[in-house]
Amino acid sequence: MSDLTLVLLAAGNSTRFKVPVKKQWLRIGHDPLWLYVTNRIKESLPEASIILSAHPDEIPFIRSMCDFTIVAGGETRQQSLKNALNEVKTPYVMVSDIARACIDPDLISRLLEHKGVADTIVPALDVHDTVVYDDKTIEREKVKRIQTPQLSRTDVLRRALETDVEFTDESSAVVASGGTRYFVLGDPRAAKITHTADTASLECLSSPSSVVFTGNGFDVHPFEEAKPMVLGGINIESSFGFKAHSDGDVAIHALIDALLGAACLGDIGMLFPDTDNAYKNIDSKQLLVRCVEKLHNFGFVILHADITIIAQAPKIAPYKEQMRSTLASLLHIPPARLNVKATTTEHLGFIGRKEGIGVIATASVHYFDWKNG
């Protein structure tokens, strides 16, 4: 059994990345960045336990893609690390950031070769440019660029983080608490992705797959007298609306399920459970906006949608173009890539008896192409 646990930090919000996709969900082929980076390091540490810190909202979807131990991240990098350290059972821990994507096996080997030399083993690069601090030129020979992964004694690192002081890397916390640090040669290729332009220089990252994914959704709601009818995101002239926890917009509900199905992100009940009073009588357009945002965050771009409304009453034809325009805007696609159809059941069944409406929706998505903008 290995005496080492690998901790990967992937709970950040990517606020400096400036694209809709969170950087940990950029696709390398089919793999999101967090999975690609973890598997890449795992090849050099085949016996190590693996712990991944992730945003709490993303944990159910991450669990469906791997068998690593997943812990909820905190408000800061340091809190995320502390949460992960609670699960570490080995005497040594190697910590890195998912944003540091192209970590070479030789860098891992240099860290392991010096395990035990100090409380923390750190890859670092010399600075070759002139360095000015507070308007004073300082000796660049005394300046180092610190990288991850960093290899530390688990007990020392735990104690070092028992503080309210926020550190940007593990070794700074260890040294501040009286521990020892040893530098090994870093690697310029182990650059960190902070801004969108940083991806251009990372040769280890291949383009996302160009495959298109399709999902379907189906929903039904019964009518309720003396309630406003909202369908396809617009108000419909009718003496009855839908019996539902939300506003009952059955077209949007089916569309949300189609989008989530295409992206393999569960279903509308997982995202917006009808047991949650936060969604009581909510405008379903708000739910669709949140769904679209989640797809974008997870690295998907919406390509197309097709909706079939099955209703004996009311008449849908007068509203189809307005629905099309409204829904396309919410999906951030041209109306030409969203279709709305209507049909009846020829008076058969509960729909034919004018007791409710059913909707079938289909949607297609593809990965965000971060490589080619």
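Reader: Which residues of H9 are buried?
Author: This is a predicted model, where local features need pLDDT of at least 70, side-chain atom pairs count only at pLDDT 80 or more, and totals for chains, interfaces and linings use all residues. Residues are numbered from 1 along each chain as its sequence is written, and side-chain values use heavy atoms, with hydrogens and water left out. Buried means under 20% relative accessible area, exposed is over 50%, and partly exposed is in between (1.4 Å probe, protein chains only). On that scale, the buried residues of H9 are Ser284, Leu287, Leu288, Cys291, Val292, Lys294, Leu295 and His296.

Reader: How far does H9 reach from its first C-alpha to its last?
Author: Helices (H or I, at least four residues) and strands (E, at least two) are DSSP runs, numbered from the N terminus. The expected span of a helix is 1.5 Å times one less than its number of residues. H9 covers residues 284-297, 14 in number, and 20 Å is expected. Its reach in the model is close to that, at 20 Å.

Reader: What covers the buried residues of H9?
Author: Go by contact here, which means heavy atoms within 4.5 Å. The cover includes strands E17 (300-310) and E19 (356-367), along with helices H2 (59-63), H7, H8 (268-271) and H10 (320-331).

Reader: At the start of H9, which residue's side-chain oxygen reaches the backbone nitrogen of Lys285?
Author: A polar contact is a pair of N or O atoms within 3.5 Å; within protein, one must be able to donate a hydrogen and the other to accept it, and residues adjacent in sequence count only if both atoms are side-chain atoms. The oxygen gets to within 2.9 Å of that nitrogen, and it belongs to Asp283.

Reader: H7 came up as cover for H9. Is H7 largely enclosed or not, and how many of its residues are buried?
Author: H7 takes in residues 250-262, and its end C-alpha atoms are 18 Å apart, which agrees with the span it should have. Among its buried residues are Val250, His253, Asp257 and Ala262. H7 is largely enclosed by the rest of the structure, because the buried count is 12 of the 13 residues.

Reader: Just after H7 there's a cysteine. Why is the sulfur of Cys264 not bonded to the one in Cys291?
Author: A disulfide is a pair of cysteine sulfur atoms within 2.5 Å. Cys264 takes a positive phi of about 55° and counts as exposed at 61% relative accessibility, while Cys291 counts as buried at 0%. Cys291 holds the closest cysteine sulfur to that of Cys264, but it's too far for a bond, because the separation is 13 Å.

Reader: Which cysteines do form a disulfide?
Author: The structure holds 1 disulfide. Its sulfur atoms are 1.9 Å apart, and with -80° about the S-S bond the link is left-handed. The partners are Cys102 and Cys204.

Reader: How many residues apart are Cys102 and Cys204?
Author: Cys102 sits in the loop between strand E6 (92-97) and helix H4 (105-113), and Cys204 in the loop between strand E12 (181-185) and strand E13 (212-225). Cys102 counts as buried at 5% relative accessibility, whereas Cys204 is partly exposed at 21%. The pair links distant parts of the chain, and the spacing in residues is 102.

Reader: Which residues lie nearest the centre of the largest pocket?
Author: On a 1 Å grid over the protein atoms alone, a pocket is an open set of points with protein on both sides within 12 Å along at least five of seven lines, a cavity is a set where a 1.4 Å probe fits but cannot get out, and lining residues have an atom within 4 Å of a point. Grid points are joined across faces, edges and corners, and a volume is the space filled by probe spheres set on the points. The largest pocket has about 930 Å³, and E1 (4-10), H3 (77-85) and E10 (144-146) each supply at least two lining residues. Out of 38 lining residues, those nearest the centre are Arg16, Lys23, Arg77, Asp97 and Lys192.

Reader: And which element gives the most to the lining of the largest cavity?
Author: About 30 Å³ of space lies in this cavity, and its lining includes Arg77, Gln78, Leu81 and Asp169. With 3 residues, the top contributor is H3.

Reader: Which side chain makes a polar contact with the side chain of Gln150?
Author: Gln150 lies in strand E11 (150-153) and is buried, with a relative accessible area of 1%. Its side chain also reaches the backbone oxygen of Gln147 at 3.1 Å. The side-chain partner, at 2.9 Å, is Asp169.
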